[in-house]
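Grab a pencil and have a go at these exercises. Try each task on your own before you read its solution.

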Amino acid sequence: RMQGIIGALSLFRATTLDREQVSWLDVANRSASSMMSSIDDLLQFSELMAGQDALHVGEFRLRGGLTRLLAALRPEFEDKNLALEFYGGVVLDRVLVSHEGKILYVIRHLLSNALKFSDRGPVCLSIGQANKSAAVGEGSIRVLVQDSGPGIPEPLLAELGRPFRQLDGSF
């Protein structure tokens, strides 16, 4: 149903609108995208809690999904007057074998955290090949998000691997 709402908003955007209507439509689009992200998070959490969080490994190229993800997040960065910069290497067009949805999910959360904790400056996403010496058809990718947020205090770094707990202890 959310896909239907997002689709209808997209079709509405293709009509002739005045400036105020475009502004309200942008608000609706951002709200729908945010709700879709929340729904995705709840579904991921439900699958994990039910023990059904299986990996669906397949072949894909990262560029398409990443382009859609960045387009969906860009308005949130603009609302906060933060630049979202992206640097991608040739790995974006290579055929990867992994779970595309999980990779995009992790990237989305890294960028969402950067957005949440940054007040100034750009947020930079860089994606490239992690191990240049790997044989053709092997290796891993490196995803790096840089921002001006406060970072994680050294004593709390050990807490990162523990499930379902915010670093500051809040929910």
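Below are five exercises on this predicted model, each with a worked solution.

**Exercise 1. The overall layout**

Task: Work out how many helices and strands the protein chain has, and in what order they come.

Solution:
- Start by counting: the secondary structure comes to four helices and five strands.
- Now walk along from the N terminus, and you'll read α-α-β-α-β-β-α-β-β.
- Next, look at the burial: of the 171 residues in the chain, 21% are buried.
- For the outside, the accessible surface is about 11700 Å², and carbon and sulfur atoms hold 56% of that.
- Finally, take the contacts between residues at least 6 apart in sequence: 70% of them join residues at least 24 apart.

**Exercise 2. The core**

Task: Find out which elements each supply at least two residues of the largest nonpolar core.

Solution:
- First get the core itself: the largest one has 21 residues.
- Pick out the residues with the most contacts inside it, including Leu-62, Leu-66, Ile-107 and Ile-127.
- Then sort by element: helix H3 (62-79), helix H4 (100-117) and strand S4 (123-129) each give the core at least two residues.
- Zoom in on Leu-66 and skip its neighbours within four places in sequence. You're left with contacts to Phe-86, Leu-92, Leu-104, Ile-107, Leu-125 and Ile-127.

**Exercise 3. Two helices side by side**

Task: Decide whether H3 is roughly parallel or roughly antiparallel to H4.

Solution:
- Check the axes: those of H3 and H4 come within 11 Å and cross at roughly 25°.
- Angles under 35 degrees count as roughly parallel, so H3 is roughly parallel to H4.
- Add the handedness, and you'll find that the crossing of H3 and H4 is right-handed.
- Last, see who meets whom: H3 residues such as Leu-62, Gly-65, Leu-69 and Leu-73 are among those that meet H4, where the partners include Ile-103, Leu-104, Arg-108 and Leu-115.

**Exercise 4. Buried or exposed?**

Task: Sort Phe-77, Ala-114, Ala-72 and Asn-81 into buried, partly exposed and exposed.

Solution:
- You need the cut-offs: buried is under 20% relative accessible area, exposed is over 50%, and partly exposed is in between.
- Phe-77, in helix H3, has a relative accessible area of 1%, so Phe-77 is buried.
- Ala-114 sits in helix H4 and has 1% relative accessibility, so Ala-114 is buried too.
- Ala-72 lies in helix H3, and with a relative accessible area of 35% Ala-72 is partly exposed.
- Asn-81 is in the loop between H3 and strand S2 (84-88), and its 70% makes Asn-81 exposed.
- One extra about Asn-81: its phi is positive, about 55°, although Asn-81 isn't a glycine.

**Exercise 5. Far along the chain**

Task: Find how far apart the C-alpha atoms of Ala-114 and Gln-146 are.

Solution:
- Ala-114 and Gln-146 are 32 residues apart along the chain, while their C-alpha atoms are separated by 7.7 Å.
- Leave out residues up to four places away, and Ala-114 touches Val-123, Val-145 and Asp-147.
- Do the same for Phe-77, and its contacts are Leu-82, Ala-83, Leu-84, Leu-111, Leu-115 and Val-123.
- Measuring from Phe-77 to Ala-114 gives 37 residues in sequence and 9.8 Å in space, C-alpha to C-alpha.
- Finish with Ala-72 and Arg-30, which are 42 residues apart along the chain, with 7.9 Å between their C-alpha atoms.

Technical notes
Residues are numbered from 1 along each chain as its sequence is written. This is a predicted model: local features need pLDDT of at least 70, side-chain atom pairs count only at pLDDT 80 or more; totals for chains, interfaces and linings use all residues. Side-chain values use heavy atoms; hydrogens and water are left out. A nonpolar core is a set of buried Ala, Val, Leu, Ile, Met, Phe, Trp, Tyr and Cys residues joined through side-chain atoms within 4.5 Å. Buried means under 20% relative accessible area, exposed over 50%, partly exposed in between (1.4 Å probe, protein chains only). Contact means heavy atoms within 4.5 Å. Accessible areas come from the Shrake-Rupley method with a 1.4 Å probe; for residues, only the protein chains shown count as cover. Axes are lines fitted to C-alpha atoms, for helices over the stretch in contact, and angles run from 0 to 180 degrees between N-to-C directions. Angles under 35 degrees count as roughly parallel, over 145 as roughly antiparallel, 65 to 115 as roughly perpendicular and the rest as oblique. A crossing is left-handed if the near helix is turned anticlockwise from the far one by less than a right angle, and right-handed if clockwise.
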